[in-house]
Each structure stands twice: as C-alpha cells, then as structure tokens.
Amino acid sequence: MKIGVIDYEAGNLRSVETALRHIGADFSVHEDPESILKCDGIVFPGVGEASSSMRVLRHRGLDQAIREFVEAGKPLFGICIGCQVLLDHSEEADTSCLGIIPGRVRLFKGGQGLKIPHMGWNTVTQNRKHPIFRDVPDGASFYFVHSYYPEVADRTLEIGSCEYGERFSAMYARDNIVATQFHPEKSGRFGLQLLENFLKGGLE
C-alpha cells in the first residue's frame, strides 16, 4: 500500500517518517491535495494547536481532499491533532474542524495534582475487538502529549480508552478510519505494531 503522509506544518513529521521507514512502509510526504488523493492510504499526523492546523488545511485545500479521500473508502490513520480535527469542533480556540467523525474535542479539567498537558506513558484499555489491535495486548502503554482529548458522539466508535483524572477516548475507529490520541510513532514496539497493522489492511 502506497502511503501518503500529510504535511500541514503541524509538527511530528520526522518521527512519523522514522517509524514508517523502520517498518518498511512505502510512503511519501505531501502537502497538496492532488498528491494526497492519488495515495492508497494516508497517515494524518500532527502536534500543535487546532485553529492553526485547520487554517493551514483549509489554505492548502487539504480539508476537502481529506473528506474526498475518506468518502472514497480509502484508509486513514489520524494521530494526535490529526485525531482531534477529524471531529466536528474543538474547544481549543473555539475551532470548527473537519466534521468527518461526529464529536467534540475537550480540554482536560486537571486538578487532583494532575498536570496539564497529559504527558508521558499511559495504558490504553481496548474497549472492543478491532483488527488494528493484532498482536497488541489489552492494557499496553502508549506515549501521550496533549491538553485536549477527543470525545466521539457515538461511543461504539471508541475502540480504546484511557484515564487521566477522567476517562477519555484514546482511540476511535469507523469503517476506513482509525485514529489515536497518543503517538504510535513514539510508543515503542506496540505503537509500531499498530502502524504495521494499518499498512497490512488492519481496518478490515
């Protein structure tokens, strides 16, 4: 599967490239809609702020390209900000997002001695079986860096959850989309396994 990685000035491209190279992925990085639409699958990464991310996506026409890509039934893997902006709206700067997956992005309440952002390793509970979890044990730890978290409207889409003062969606999936709030590219062998499962058709 020829993978395209979306470049929209949102951070963690180098670490994603390193991870994909490590697992032998056939990939290339693109910032224009035409190139993205020619790919067999896309990784939609990101680190940063919702409104600036959406501004770049709209300026480059990538917002519509992502919608068309998903509507065509091709597989997409969203990471961190990529996971968040697939939803309808983010509380971060009151941002309208892509609206592909119904839901909202919430700010952690904090308190109880919890620091915001939520940063570091945390366990993810697998809420239901999904092919993306092949060879990844329930309760495996992944690396998080975020102050906001996705809240999908349909909780049946939430395939993985996490606790940080409150329960939140760590992973969700629907049809040809899977998305993680954590960074699989920074999460050691189990994070790499998720990416490898995606490359091998792990959404079917």
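Trainee: Is strand β12 (residues 158-163) largely enclosed by the rest of the structure or left exposed?
Mentor: Keep in mind that this is a predicted model. In it, β12 is largely enclosed by the rest of the structure, because five of its six residues are buried.

Trainee: Which strands does β12 pair with?
Mentor: One is β9 (residues 125-126), which runs antiparallel to β12 and is joined to it by two bridges. Another is β13 (residues 167-174), also antiparallel, with five bridges to β12.

Trainee: Which residue stands opposite G160?
Mentor: That's Q126. Over on the β13 pairing, look for C162 of β12, which has F168 opposite.

Trainee: And how many residues sit between the strands in the hairpin of β12 and β13?
Mentor: Three. While you're looking there, check G165, which takes a positive phi near 80 degrees.

Trainee: Okay, switching to helix α1. Which of its residues are buried?
Mentor: Within α1 (residues 13-22), the buried ones are L13, V16, A19 and L20. Seen down the helix axis, they fall within an arc of 130 degrees, so they line one face of α1.

Trainee: Why would residues three or four places apart point the same way?
Mentor: Because an α-helix has 3.6 residues a turn.

Trainee: What do the buried residues of α1 pack against?
Mentor: They pack against four strands, β1 (2-6), β2 (26-30), β3 (41-44) and β4 (76-79), and also against helix α6. On the other side of α1 you'll find R14, R21 and H22, which are exposed. Just after the helix comes G24, with a positive phi of about 75 degrees.

Trainee: New topic: where is H183?
Mentor: H183 is in the loop between β14 (177-180) and α6 (188-199).

Trainee: Buried or exposed, that H183?
Mentor: Buried, because its relative accessibility is 1%, and the cut-off for buried is under 20%.

Trainee: So what is H183 in contact with, leaving aside its neighbours within four places in sequence?
Mentor: The list is N12, G46, V47, I79, C80, Y143 and V145.

Trainee: Last thing, cavities. How many of 30 Å³ or more are there?
Mentor: One. The largest cavity has a volume of about 30 Å³.

Trainee: What lines the largest cavity?
Mentor: I6, D7, Y8, E9, A10, G11, N12, L13, P45 and G46 do. By class, that lining has five nonpolar, three polar and two charged residues. You've met some of these already: N12 and G46 are among the contacts of H183, and L13 is one of the buried residues of α1.

Conventions
Residues are numbered from 1 along each chain as its sequence is written. This is a predicted model: local features need pLDDT of at least 70, side-chain atom pairs count only at pLDDT 80 or more; totals for chains, interfaces and linings use all residues. Side-chain values use heavy atoms; hydrogens and water are left out. Buried means under 20% relative accessible area, exposed over 50%, partly exposed in between (1.4 Å probe, protein chains only). Contact means heavy atoms within 4.5 Å. Two strands pair if DSSP finds at least two bridges between them. On a 1 Å grid over the protein atoms alone, a cavity is a set of points where a 1.4 Å probe fits but cannot get out, and a pocket is an open set with protein on both sides within 12 Å along at least five of seven lines; lining residues have an atom within 4 Å of a point. Grid points are joined across faces, edges and corners, and a volume is the space filled by probe spheres set on the points. Ala, Val, Leu, Ile, Met, Phe, Trp, Tyr, Cys and Pro count as nonpolar, Asp, Glu, Lys and Arg as charged, and the others, Gly among them, as polar. The arc is that of the directions from the helix axis to the C-beta atoms.
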